[in-house]
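Work through the exercises below with the model in view. Try each task before reading its solution.

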Amino acid sequence: MLVFSTSDKGGTGRSVTSCNIAHRLAIAGRNVAYVDFDFGSPTAGALFEISAMERGINGGGVHSYLLGQTGTAARVDVGAATDRAELSRISPRSGRLVLLPGDEGGAEFLTSDGGVVRRCAELLSTLEQEFRVVIVDLSAGRSAALEIVLQATALPSLRRRIARWLIFHRWTRQHILAASGLVHGPHGLLRAGEAAGHNADELLGSTRYVRTAVPTTTARTTANRPAQAAWLQEQDAALRRLATANQLGTTTVLGSTPMEPVLQWREQVILDSDVNAHIANPETAVAYADLARRLVDVATWERL
Ligand SMILES: Nc1ncnc2c1ncn2[C@@H]1O[C@H](COP(=O)(O)OP(=O)(O)O)[C@@H](O)[C@H]1O
Ligand SMILES: [Mg+2]
């Protein structure tokens, strides 16, 4: 299964959430490849705490591969390369988690020319055969990365493979409208996909939204402030109506993640050990596990 993570805006939590989903899939026994296609801002190395790749790999990453500068894209076994001891202690039941890092300093200058699209299709096709789930973290917005994968997945070699599209957005008015625009807008996923040779209905059926860092309306901090609690609940209800009116209603949602203090301070994978140490909230780990489970559950993808 190919999973494309995208968002209209930057800073939505797309990379952090995608890395956490990858981790949860791996500990649930799935072999996972994580491909860093965010050429302008390759953060996966930092998220998996691979110090040599904090800002991507120095040569031979996905970017150089797509440009035809190297014959293969570098692969890194996360368990072996991570500095985080608890992330490397893989249980025998876990699947493999392999990172294909982006290039350090690889600015967003790729265009979707034939060679790039062909190499992209070859890479995804190989990975899809080798891994149960291939997560591709794209750049924000209507990027070259999005255009390249839309064209690649429309090629005969990938057409029949399962592809899922995840749109990440924060739980605010602007983010809801932006996410809707990214899918339904004039140059959005559906129209761009159609132009690349996809069927827009099928594409829409393979698209789900992920609401990130959603504040809780029942937080203990509002216990003594009924007016604040009422206001928050009112806002939440208004956002739900806005989401539904913009085709982001509950049936189109894969799941949501709660506002997590650890992630407000530090971009990282939330491990069970962080929860057991009472540092991360258990709800956050549960949210990532649920996203991972729903992603690979066929029932999630039955036609709406
Ligand atoms: N559930 C969450 N609660 C709080 N902060 C979060 C949450 N998810 C992500 N973040 C934070 O949001 C910021 C942006 O996340 P990132 O994944 O880098 O966004 P993107 O890839 O969309 O640009 C990071 O500082 C990250 O730690
Ligand atoms: Mg990112």
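**Exercise 1: the ligand site**

Ligand 1 sits in the largest pocket. A pocket is an open set of points on a 1 Å grid over the protein atoms alone, with protein on both sides within 12 Å along at least five of seven lines. A molecule sits in it if more than half of its atoms lie within 2 Å of its grid points. This is a predicted model, where local features need pLDDT of at least 70 and side-chain atom pairs count only at pLDDT 80 or more. Residues are numbered from 1 along each chain as its sequence is written.

Task: which elements give two or more residues to the shell around ligand 1?

Solution.
- Step 1. The elements are α1 (14-27), β8 (253-258) and α13 (261-265). Helices (H or I, at least four residues) and strands (E, at least two) are DSSP runs.
- Step 2. The largest share, 3 residues, comes from α1.

**Exercise 2: polar contacts**

Task: find polar partners of ligand 1, using pairs of N or O atoms within 3.5 Å.

Solution.
- Step 1. Start with the side chain of threonine 12: one of its N or O atoms is 2.7 Å from an oxygen atom of ligand 1.
- Step 2. Turn to the backbone. A polar atom of valine 16 is 2.8 Å from a ligand oxygen.
- Step 3. Glutamate 260 has a polar backbone atom 2.8 Å from a nitrogen atom of ligand 1.

**Exercise 3: the sheet**

Task: in what order do the 8 strands of the open sheet stand?

Solution.
- Step 1. Read the order as β3-β4-β2-β5-β1-β6-β7-β8, with mixed pairing. Strands pair if DSSP finds at least two bridges between them.
- Step 2. β3 (76-77) and β8 each have a single partner strand, so one side of each lacks a neighbour in the sheet.
- Step 3. β2 (residues 32-36) and β4 (residues 97-100) pair in the parallel sense over 4 bridges.

Definitions and conventions. Chains lettered and ligands numbered in written order. Heavy atoms only, no water. Polar contact = N/O pair within 3.5 Å; in protein donor to acceptor, adjacent residues only side chain to side chain. 1 Å grid on protein atoms, 1.4 Å probe; cavity = no way out; pocket = protein on both sides within 12 Å on 5 of 7 lines; lining within 4 Å.
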